[in-house]
Amino acid sequence: MKIQAAVATAPSTPLDIRELELDEPRADEVTVRLVASGVCHTDAIVRDQWYPVPLPAVLGHEGSGVVTAVGAGVTDLVVGDKVVLAPASCGVCEQCITGHPQYCVDFYALNFGGSRTDGSSSLSAGGERISSNFFGQSSFATFTNARARNAVKVADDAPLELLGPLGCGIMTGSGAVLNVLRPAPGESIAIFGTGAVGLAGMLAAVAAGATTIIMVDIVPERLEFAKELGATHVVNSREVDPVEQIREITGGRGVQFALDTTGVPQVFAQMTKSLAIRGHGALVGAAKLGTDAPFDIGTLLTSGISISMVVEGDSVPREFIPRLISLYERGLFPFDKLVKQYEFSEINTAFADSESGATIKPVLVF
């Protein structure tokens, strides 16, 4: 079928909306008419080839839409189902079957390989191959084929124009807090970065009952916004030493939990030093492959801290996304306050606004 899609052709080059051909869904796939798709930092860094996805490619990995066709082997979805699309995983490796599909042994190939497992692409243009299956979906398109396994069914009255980012950015920040760090009511957490991932982590910490929630960034407007959403303290790390400030806020102890959403080596080091004795820190921020970060093993050895490297919030999407929707519906996870909508034709503006910080979470609507 003929579709419209935004094609990445070269690093740091605007995406090109053009007509493509989408093939029929395979036995384990569904065709989805996209209603919306979030724009994520990972889309930008893959466009710029930090991770070598073959170009030209259709990116996009925070899609939501309506199923319009199902493959012969699909038994749990039907035409008309509303779905949120999540990262692909094999479903049969040790990590998948033990509840950690974001660490699937084939995660990189399934999500960054630009093709199905048999090497085929679902997309083409006049005989030219266009890489597909980005995060199992390639959602910068009016229609896409996605593996049924990574399509999460939602209620018929679900606001699809809002829910796409639950499949990656919002899931990453909130999942790191709720699934990995797990602060209990009354505990403390510092979150480095006030982008969509960091603020989603903050909203999750509020929902979990943490009572000392410290947000660290260099943008005053973002820090003020974080206070409006529930941060108890904010630290401008351009003006003060964030480690010293966090220890002052916590009476010299440091925080019990910390989250680095930036992927900046210096910030990662600050996050480790802000932890209390036996504290638990997590990194979710993506950096270029090969990036090293300083880690003071001499000083930190006696602190007993734990550091987790977290992919996609270590979430099981079919379990976790409905949890987030339930929290949202009860007014306990207002992630909609992070979102600004753009028409699909404005995709390059959405990328630019995300990069500049003008918009926290751009969402394209089709």
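**Figure 1. Pairing of strand S12 with strands S11 and S13 in the predicted model.** Isoleucine 213 in S12 is the bridge partner of isoleucine 189. Strand S11 (residues 188–192) and S12 pair in the parallel sense, with 5 bridges between them. S12 is also joined to strand S13 (residues 233–236) by 4 bridges, and these two strands run parallel. In that pairing, asparagine 236 in S13 stands opposite aspartate 217.

**Figure 2. Helical connections on either side of S12 in the chain.** S11, helix H6 (residues 196–208) and S12 form a right-handed β-α-β unit. A right-handed β-α-β unit is likewise made by S12, helix H7 (residues 220–229) and S13.

**Figure 3. Burial of the side chains of strand S12 (residues 212–217).** Thr212, Ile214 and Val216 point one way from the strand, whereas Ile213, Met215 and Asp217 point the other way. Residues of both sets are buried. Because 6 of the 6 residues of S12 are buried, the strand is largely enclosed by the rest of the structure.

**Figure 4. Packing of helix H5 (residues 169–181) against helix H11 (residues 317–329).** Two packed helices are described by the angle between their axes and the distance between the axes. For H5 and H11, the angle is about 95 degrees and the axes are 11 Å apart. The two helices are therefore roughly perpendicular to each other, since the range of 65 to 115 degrees counts as such. From H5, the residues in contact are Met171, Ser174, Gly175, Leu178 and Asn179; they meet Pro317, Phe320, Ile321, Arg323, Leu324 and Leu327 in H11. By class, this contact between H5 and H11 comprises 7 nonpolar, 3 polar and 1 charged residues.

**Figure 5. Surroundings of isoleucine 305, in the loop between H10 and strand S16 (306–309).** With a relative accessible area of 16%, isoleucine 305 is buried, because the class is assigned under 20%. Isoleucine 305 is 26 residues from glycine 279 in sequence, yet their C-alpha atoms are 4.8 Å apart. Beyond its neighbours within four places in sequence, isoleucine 305 is in contact with Thr272, Leu275, Ala276, Arg278, Gly279 and Leu300.

**Figure 6. Surroundings of proline 294, in the loop between strand S15 (275–283) and helix H10 (297–300).** Proline 294 counts as partly exposed, at 47% relative accessibility. A separation of 6.7 Å is found between the C-alpha atoms of proline 294 and proline 265, two residues that lie 29 residues apart along the chain. Residues up to four places away in sequence are not counted among the contacts of proline 294, which touches Pro265, Phe268 and Ala269.

**Figure 7. Backbone geometry in the loop between helix H1 (41–47) and strand S4 (57–58).** Leucine 55 and proline 56 are joined by a cis peptide bond, with omega about 0 degrees. Proline 56 lies in this loop, as does glutamine 49. Although glutamine 49 is not a glycine, its phi is positive, at about 70 degrees. The relative accessible area of glutamine 49 is 29%, which means that the residue is partly exposed.

**Figure 8. Positive phi at serine 12.** Serine 12 is located in the loop between strand S1 (2–8) and strand S2 (16–22). Its phi is near 60 degrees, a positive value in a residue other than glycine. Serine 12 counts as exposed, at 58% relative accessibility.

Conventions
Residues are numbered from 1 along each chain as its sequence is written. This is a predicted model: local features need pLDDT of at least 70, side-chain atom pairs count only at pLDDT 80 or more; totals for chains, interfaces and linings use all residues. Side-chain values use heavy atoms; hydrogens and water are left out. Axes are lines fitted to C-alpha atoms, for helices over the stretch in contact, and angles run from 0 to 180 degrees between N-to-C directions. Angles under 35 degrees count as roughly parallel, over 145 as roughly antiparallel, 65 to 115 as roughly perpendicular and the rest as oblique. Contact means heavy atoms within 4.5 Å. Ala, Val, Leu, Ile, Met, Phe, Trp, Tyr, Cys and Pro count as nonpolar, Asp, Glu, Lys and Arg as charged, and the others, Gly among them, as polar. Buried means under 20% relative accessible area, exposed over 50%, partly exposed in between (1.4 Å probe, protein chains only). Two strands pair if DSSP finds at least two bridges between them. A crossover is right-handed if, with the strands pointing away from the viewer, the path from the first strand over the helix to the second runs clockwise.
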